[in-house]
Structures are given as C-alpha cells and as structure tokens.
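Here's a walk through a two-chain model, written for someone who likes cut-offs spelled out. Have a look at the structure first, then read on.

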Amino acid sequence: MIHESGPHGCTVPAPAEYVLRAEGIGKSFGGVEVLSSASLWAEPGRVTTLLGRNGCGKTTLMRIAAGRLGPDWGVVKYRGRVRVAGGLAAMARDGLMFVPQGSLLCPSYRVEDHFRALRHAFPVSNCAFSAPDLDAAVERFRLGPLLEQRTWTLSGGEKMRVSVALAVARRPLVLLIDEPFVGVQPKDQEMVADALRALADEGCAVVTSGHDVRVLMEVSDAIIWCTAGTTHHLGTPADAASSDQFRREYLGAFA
Amino acid sequence: MIWIVLKGFGAGGVILVGGSPVAAFVAFPVATLPLVFVVLVAVRIDMARQSEAVFLANLGWPFRRIAVSLTVLIVVLDGAVALLAS
Ligand SMILES: Nc1ncnc2c1ncn2[C@@H]1O[C@H](COP(=O)(O)OP(=O)(O)OP(=O)(O)O)[C@@H](O)[C@H]1O
Ligand SMILES: [Mg+2]
C-alpha cells in the first residue's frame with residue numbers, strides 16, 4: 001500500500017483507503033472566508049478528530065463533508081463517487097451517518113420515535129444492524145427511563161447520549177459526529193468514547209470534533225488541526241501533542 | 001420575512017375583493033396579535049423542521065421527497081373535497 005508523507009513527518013494513508021474525503025474545500029459566509037483550502041477524511045477502523053479554535057470552521061467542514069452544505073470550491077467524495085450538496089440522504093442510504101453539533105434529534109418526537117423510525121428506515125434485510133442492536137443500544141446508554149419523553153424536554157447531555165445511541169444502533173459505515181462530548185458528564189464521556197472506539201474497531205470510519213481535548217485525544221487515532229481556513233494532518237494524538245505550534249496556538253495549558 | 005409575506009397575502013386578498021389595500025395593510029394593534037401568533041408558530045415549526053430535516057436525511061429520506069409526498073397528499077385531499085362538493 002502506497003503511503004505519502006504527512007506535513008509533520010507522519011504517514012498519511014493513500015487515497016484509496018479513505019471511504020469519505022472532502023478535499024480543497026473553500027467556503028465563505030457573507031464575504032467572510034471561513035475555509036480556503038481545508039480537507040477532511042474518514043478511514044475505516046479509525047477515529048479521526050478535527051480540532052481547532054472556536055469559529056475556525058470545524059462544523060462548516062463537517063456539514064460540507066456530510067452533504068448538508070455546498071462548498072464554494074473543493075470536492076466531496078464518498079465511496080469513490082463525487083457527492084453534491086444536499087446529498088446526505090443518498091449517502092445515508094449508502095451507510096453514512098451525520099450527527100450535527102447539539103444533537104441529531106427532532107424536538108417534537110419522543111425518544112422512542114427515533115428508534116422506531118430507524119428500524120423502519122433500514123429494514124434488517126439491507127443493513128448491518130438488527131432489532132436487538134436497537135434494544136442493546138437503549139440498554140447500554142440507559143435510555144429506558146427517557147424513551148417516553150419528548151426530545152425538547154431532555155437535557156443537553158441526555159440529547160447527546162440518545163444521539164450516540166442511535167449512531168451505535170445504526171452501525172454506519174462512516175459516522176461524522178460533531179462535538180460528541182459537549183454537555184456529557186465525565187462518567188458518560190467514557191461510555192461515549194468507548195462506544196465510538198468500539199464502532200471503529202468494528203470497521204466504521206469515525207470522524208469527531210470538539211474541545212474536550214483529554215477524552216478526544218484518548219479515543220482518536222488521528223488528529224486534523226483546522227486553522228486559518230486550512231487543515232493540517234498532525235498524525236497520532238501523541239504526534240499532535242508534540243507539535244510546538246499546535247500546543248502554543250490551540251492546546252495551551254493542556255499540552 | 002414571514003410577516004411581510006403574510007401581510008402581502010392579506011392585502012392581496014383584500015384588493016381582490018375590492019377593499020382598500022392601505023386599510024388592509026395597516027392594522028389595529030389588537031388585530032395584529034393573531035398575525036404575531038401565526039409568525040411565532042411558523043418560526044417554531046421551521047426551527048423544529050431544521051433538525052427534523054437532518055434526522056430524516058440520516059434515514060435516507062431527502063426533504064424533497066417529503067415535500068413531494070405532502071403536495072400529492074394535499075392535491076388528492078382537495079380533489080376528494082371537490083368531488084364530494086359537486
Ligand atoms: N450559516 C452561516 N452564516 C454566517 N456565518 C456562519 C454560518 N455558519 C457558520 N458561520 C461562521 O463561520 C465560522 C465558522 O463556524 P463553525 O460553526 O464552522 O465553527 P466551529 O469551528 O465549529 O466552532 P466551534 O468550535 O465553536 O463549534 C464562524 O465564524 C461562524 O460565525
Ligand atoms: Mg462547531
């Protein structure tokens with residue numbers, strides 16, 4: 001397998017190994033350039049994490065990669081095909097799942113309705129998960145007492161717990177999950193991290209983001225630093241932590 | 001935006017039935033209250049729809065398909081009402 005050398009001397013997998021790749025992405029809002037040439041990729045069996053200061057464009061890049069937002073330039077490829085904006089539904093039918101910042105849930109639905117919709121959307125015949133997977137996810141994430149509740153009544157941490165449970169139950173090929181640890185209590189952060197790790201170990205390509213550096217560095221295989229409209233592949237979390245510039249400009253006291 | 005659109009439709013309707021467009025556009029504060037309510041409900045529904053659109057897309061249902069299904073449903077229901085009335 002061919003490997004090219006990354007900017008920090010680490011190895012970057014050859015493009016064939018990426019199941020999802022957003023490349024050379026540029027995006028402006030109202031004349032203000034947020035991204036000029038950013039890239040994001042997802043590799044089967046690995047957790048890739050996008051880090052960077054508030055407002056650097058992590059969410060924007062993830063939304064573009066998920067087909068929720070059109071880039072001004074650049075290209076998104078999923079499973080070897082170029083995808084267009086608005087293509088999340090088509091990619092989802094093809095195994096992708098996108099959990100946006102905040103949560104995935106519909107405010108007026110009950111928690112249980114989301115699981116029922118998931119079961120109907122992907123009949124067992126054409127999908128990796130089965131009904132017992134849904135029940136197991138409900139149990140694993142202690143959602144029993146929440147099932148009857150409307151989503152808008154849930155706390156922030158509960159919403160994220162339900163969102164992760166849905167992602168785990170879906171067993172996607174690629175999971176893009178924006179800020180999965182926000183508002184989640186420390187003990188449950190461990191549970192969410194374990195779930196993401198287990199998904200990756202089963203072969204799912206997981207992409208995350210956020211500022212909960214400790215847990216994100218622990219769960220990740222690769223770190224992408226989003227800064228000044230572009231992205232840098234920093235390599236493993238240990239490689240990232242040893243990058244002077246990254247420590248100085250982003251990690252600060254966490255280094 | 002929703003307010004302008006609703007006001008526009010209201011005034012348009014009044015012009016069609018021969019009323020004064022200015023009178024239709026300028027409402028008493030009390031008469032505006034239902035309009036405020038409609039705008040607030042529309043915004044609330046839109047906010048809910050935003051996250052609903054992402055959830056449904058994750059299930060493989062594009063909003064386009066949902067919009068088409070709703071349009072077909074409304075046309076069929078209207079057709080049925082027209083048939084019953086005739
Ligand atoms: N729809 C939009 N319209 C206008 N500006 C936007 C829009 N979406 C994002 N932005 C701007 O683009 C920049 C990047 O936003 P984005 O949400 O991608 O940041 P982020 O890196 O995810 O930040 P955080 O770490 O706080 O989540 C911000 O300055 C934001 O204000
Ligand atoms: Mg963000």
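## Around A:Val184

Leaving out residues up to four places away in sequence, A:Val184 touches A:Gly157, A:Met160, A:Gln189 and A:Val192, where contact means heavy atoms within 4.5 Å. This is a predicted model, in which local features need pLDDT of at least 70 and side-chain atom pairs count only at pLDDT 80 or more, while totals for chains, interfaces and linings use all residues. As for bookkeeping, residues are numbered from 1 along each chain as its sequence is written, chains are lettered from A and ligands numbered from 1 in the order in which they are written, and side-chain values use heavy atoms, with hydrogens and water left out.

So where does A:Val184 sit? You'll find A:Val184 in the loop between strand E9 (174-177) and helix H6 (186-201) of chain A. Helices (H or I, at least four residues) and strands (E, at least two) are DSSP runs, numbered from the N terminus. A:Val184 counts as buried because its relative accessible area is 8%; the cut-offs are under 20% for buried, over 50% for exposed, and partly exposed in between, using a 1.4 Å probe and protein chains only. To get a feel for distances, take A:Asp72: its C-alpha atom is 34 Å from that of A:Val184, and the two residues are 112 apart along the chain.

## Chain A as a whole

Chain A has nine helices and twelve strands. Of its 255 residues, 55% count as buried. Take the contacts in chain A between residues at least 6 apart in sequence: 66% of them join residues at least 24 apart. Chain A exposes about 11000 Å², with carbon and sulfur atoms supplying 51% of that area; accessible areas come from the Shrake-Rupley method with a 1.4 Å probe, and for residues only the protein chains shown count as cover.

Two more spots in chain A are worth a click. A:Thr208 lies in strand E10 (residues 205-209) and is buried, since its relative accessibility is 0%. Not counting residues up to four places away in sequence, A:Thr208 has a list of contacts that includes A:Val47, A:Met62, A:Ile177 and A:Leu196.

A:Val47 turns up again with A:Asp221, a residue in the loop between helix H7 (213-219) and strand E11 (222-227). The side chain of A:Asp221 reaches the backbone nitrogen of A:Val47 at 2.7 Å, and makes a polar contact with the side chain of A:Arg197 at 3.1 Å. A polar contact is a pair of N or O atoms within 3.5 Å; within protein, one must be able to donate a hydrogen and the other to accept it, and residues adjacent in sequence count only if both atoms are side-chain atoms. Beyond four places in sequence, the contacts of A:Asp221 also include A:Gly235, A:Thr236 and A:Pro237.

## The magnesium ion

Which protein atoms hold the magnesium ion (ligand 2)? The donors are A:Thr59 (OG1) and A:Gln101 (OE1), 1.9 to 2.2 Å from the ion. A:Thr59 lies in helix H1 (residues 58-65) and A:Gln101 in the loop between strand E8 (96-99) and helix H3 (111-121) of chain A, so the pair ties together parts that are 42 residues apart in sequence. Donors are N, O and S atoms within 2.8 Å of the metal (3.2 Å for Na, K and Ca); water is not among the atoms, so the site may look incomplete. A:Thr59 is partly exposed at 25% relative accessibility, and A:Gln101 is partly exposed too, at 43%.

## Chain B and the interface

Chain B comes to four helices and zero strands. Here are the two chains together.

| Chain | Buried residues | Exposed area | Carbon and sulfur share |
|---|---|---|---|
| Chain A | 55% of 255 residues | about 11000 Å² | 51% |
| Chain B | 16% of 86 residues | about 6300 Å² | 81% |

In the interface, 15 residues of chain B are in contact with 20 residues of chain A. The two chains bury about 1500 Å² between them, 64% of it on carbon and sulfur atoms; buried area is the accessible area (1.4 Å probe) that two parts lose on being put together, summed over both. In chain B, B:Phe55, B:Asn58 and B:Leu59 lose the most area to chain A, together 42% of what that side buries. Helix H3 (residues 29-58) of chain B gives the largest share of the side that touches chain A, ten residues.
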